[in-house]
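This report covers strand pairing, ring contacts and the main pocket of one protein chain.

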Amino acid sequence: MISKSKYMEICKRTYDYFKKANIVLTEKEKREIEVADFGLNDINNIGLQLVVYINDDRYCAKEMVLFPNQICPEHKHPSINSKLGKQETFRCRYGKVYLYVEGVKSNNLHCKIPDKYKDCFTVFHEIILKPGEQYTIEPDTLHWFQADEEGAIISEFSSHSDDLSDIFTDKRIKRIPEIGE
């Protein structure tokens with residue numbers, strides 16, 4: 001569980017990234033910065049900070065900040081009954097992002113996975129996104145991503161986002177954050 005003071009520190013650091021990238025947030029958006037530590041309490045290695053602009057039954061738009069070498073863990077957005085899972089397009093706005101999806105393993109990988117998480121990553125087809133570049137991930141596709149040493153900001157444009165239905169390779173993960181006092 002993240003303490004309230006740690007949460008506030010992470011939100012300030014996140015906002016500093018938005019300022020560096022000249023991404024303007026409203027006062028309401030600044031207050032609504034989300035911190036996802038995935039229940040692992042290891043935010044410097046595994047985590048994600050984000051602002052959701054809109055998420056309704058048709059589409060979703062958000063900005064995601066990754067601190068240096070921070071990883072959003074491997075997961076997929078499954079189809080449920082006749083409803084397709086989330087399709088998402090990632091567009092790099094700042095820094096460099098190493099995106100890993102299903103496919104042939106790439107040579108000379110850039111990822112830096114801490115030893116204690118190595119068994120929680122299974123897909124290694126690497127796509128490198130620099131500012132202005134984008135990639136679309138189809139529903140039901142395992143993927144994960146990591147910032148380089150500078151950190152990164154990614155815009156996500158997708159169909160409806162339903163975090164509770166995401167399936168993570170690391171079974172210890174809990175998506176909904178808990179904030180302490």
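In this predicted model, leucine 50 has methionine 64 of β3 as its bridge partner. The two strands concerned, β2 and β3 (residues 60-66), are antiparallel and share six bridges. Four residues separate β2 from β3, and together the two strands form a hairpin. β2, which spans residues 48-55, also pairs with β1 (residues 34-36), again antiparallel, through three bridges. Across that second pairing, valine 35 faces glutamine 49 of β2.

Aromatic side chains make a further set of contacts. The model holds eight aromatic pairs. Tyr100, Phe121, Phe124 and Trp144 are joined by ring pairs into a cluster. Phenylalanine 124, a member of that cluster, also has the charged end of lysine 105 over its ring. Phenylalanine 67 has arginine 13 over its face. The distances for these two charge-over-ring contacts are tabulated below.

| Charged residue | Ring | Distance to ring centre |
|---|---|---|
| Arginine 13 | Phenylalanine 67 | 3.8 Å |
| Lysine 105 | Phenylalanine 124 | 5.6 Å |

Which residues lie closest to the centre of the largest pocket? They are Lys83, Leu84, Gly85, Lys86 and His160, out of 16 that line the pocket. The space in this largest pocket is about 210 Å³. Its lining consists of seven charged, six polar and three nonpolar residues.

How values were computed
Residues numbered from 1 in each chain as written. Predicted model: local features only at pLDDT ≥ 70, side-chain atom pairs only at ≥ 80, totals over all residues. Heavy atoms only, no water. 1 Å grid on protein atoms, 1.4 Å probe; cavity = no way out; pocket = protein on both sides within 12 Å on 5 of 7 lines; lining within 4 Å. Points joined across faces, edges and corners; volume = space filled by probe spheres on them. Nonpolar A, V, L, I, M, F, W, Y, C, P; charged D, E, K, R; others polar. Phe/Tyr/Trp six-rings, centres within 6.5 Å; stacked < 30°, edge-to-face > 60°. Lys NZ or Arg CZ within 6 Å of the ring centre and 35° of its normal. Pairing = 2+ DSSP bridges.
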